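Hi,

Here is the structure I promised to pass on. Have a look at it first, and then read my notes below.

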Amino acid sequence: MVTSPRTPGPQPASGGGVLLPPSPEKIQSKFDLSIALALSAWPALTLSVQNSWGGPLSSEKRDWFAGAISDLFSTQPGGTVDVEYLEEFLLQVMGDEFEVNVEDDSGAEVASKIVGLRKLTLQGDFGMVDDMLARWKERESRGGERVRFQKVQGDEEEDEEEDSDEDVEEDEDVVMEEAPNLIKAPKEKVVPKVDEEGFTEVVSKKKR
């Protein structure tokens with residue numbers, strides 16, 4: 001005989017009482033915390049904040065980023081978002097707000113983690129969130145960690161890269177982690193140029 005799955009209800013508490021399910025407010029609070037913790041562990045975003053690529057308020061932008069992700073979930077049917085859609089949102093914010101193109105698969109990994117955390121917190125399972133918080137507190141107790149920038153660039157910039165590597169080696173305060181592959185998006189705006197035959201060519205200001 002096949003029975004339908006039962007929705008988890010109040011469970012007996014160890015003291016003999018009834019353990020009530022977590023309130024919607026607690027579930028949302030834990031999910032919001034999990035988003036902030038997932039972003040804090042993303043090397044690409046950490047590097048952007050450390051270097052103020054989002055401007056002098058880069059740290060505040062990271063906080064806003066977490067809130068924007070939470071709002072994204074709350075505005076979707078059922079309060080859920082698929083991984084691919086969330087990844088596109090993460091990469092768009094990184095490009096728009098921090099002028100960084102993330103070239104590795106870390107965006108998909110962060111998106112997958114957040115979607116998974118959403119499912120767990122909706123079920124009242126906060127174990128993973130608590131573990132992430134404990135690891136974050138441990139990192140903070142050691143003074144935090146810095147990330148090294150591994151820039152994807154052309155051959156004409158190899159000499160500049162070598163000089164930059166020498167400077168990094170002299171900085172003893174940098175704690176090495178696996179470097180994310182990032183491309184710092186140029187700030188120059190793209191402008192059209194019309195040639196003698198009337199054709200429009202798109203060039204950046206720095207090449208004009």
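What span should the 15 residues of H6 have at 1.5 Å a residue, and how far apart are its end C-alpha atoms? The expected span is 21 Å, and the end C-alpha atoms are 21 Å apart, so the two agree. (The expected span of a helix is 1.5 Å times one less than its number of residues.) Right after H6 comes Gly-143, with a positive phi near 90 degrees.

Some ground rules before you go on. This is a predicted model, where local features need pLDDT of at least 70 and side-chain atom pairs count only at pLDDT 80 or more, while totals for chains, interfaces and linings use all residues. Residues are numbered from 1 along each chain as its sequence is written, and side-chain values use heavy atoms, with hydrogens and water left out.

As for confidence, the chain averages a pLDDT (the predictor's confidence in each residue, from 0 to 100) of 75, and 60% of the residues score at least 70. Residues 1-8 have a pLDDT below 50 and zero contacts beyond near neighbours in sequence; contact means heavy atoms within 4.5 Å. Residues 199-208 are also below 50, but that stretch has 21 such contacts in the model. Where pLDDT is low, the predicted coordinates should not be read in detail.

Now the overall layout. The protein chain has seven helices and seven strands (DSSP runs numbered from the N terminus: helices are H or I with at least four residues, strands are E with at least two). From the N terminus, the order is β-β-α-α-α-α-β-α-α-β-α-β-β-β. Of the 208 residues, 27% count as buried, meaning under 20% relative accessible area with a 1.4 Å probe, protein chains only.

The largest nonpolar core has 33 residues. (Such a core is a set of buried Ala, Val, Leu, Ile, Met, Phe, Trp, Tyr and Cys residues joined through side-chain atoms within 4.5 Å.) Leu-39, Trp-42, Phe-65, Ile-69, Leu-86, Met-94 and Ile-114 touch the most other members. Helices H1 to H6 and strand E3 each supply at least two residues of this core. Leaving aside neighbours within four places in sequence, Met-94 is in contact with residues including Trp-42, Phe-65 and Val-102.

One last residue to click on is Ser-70, which sits in helix H3 (residues 58-74). Ser-70 counts as buried because its relative accessibility is 8%. Beyond its neighbours within four places in sequence, Ser-70 is in contact with Gln-28, Asp-32 and Ile-35.

Cheers

Technical notes: Buried < 20%, exposed > 50% of the residue type's maximum accessible area, 1.4 Å probe, protein only.
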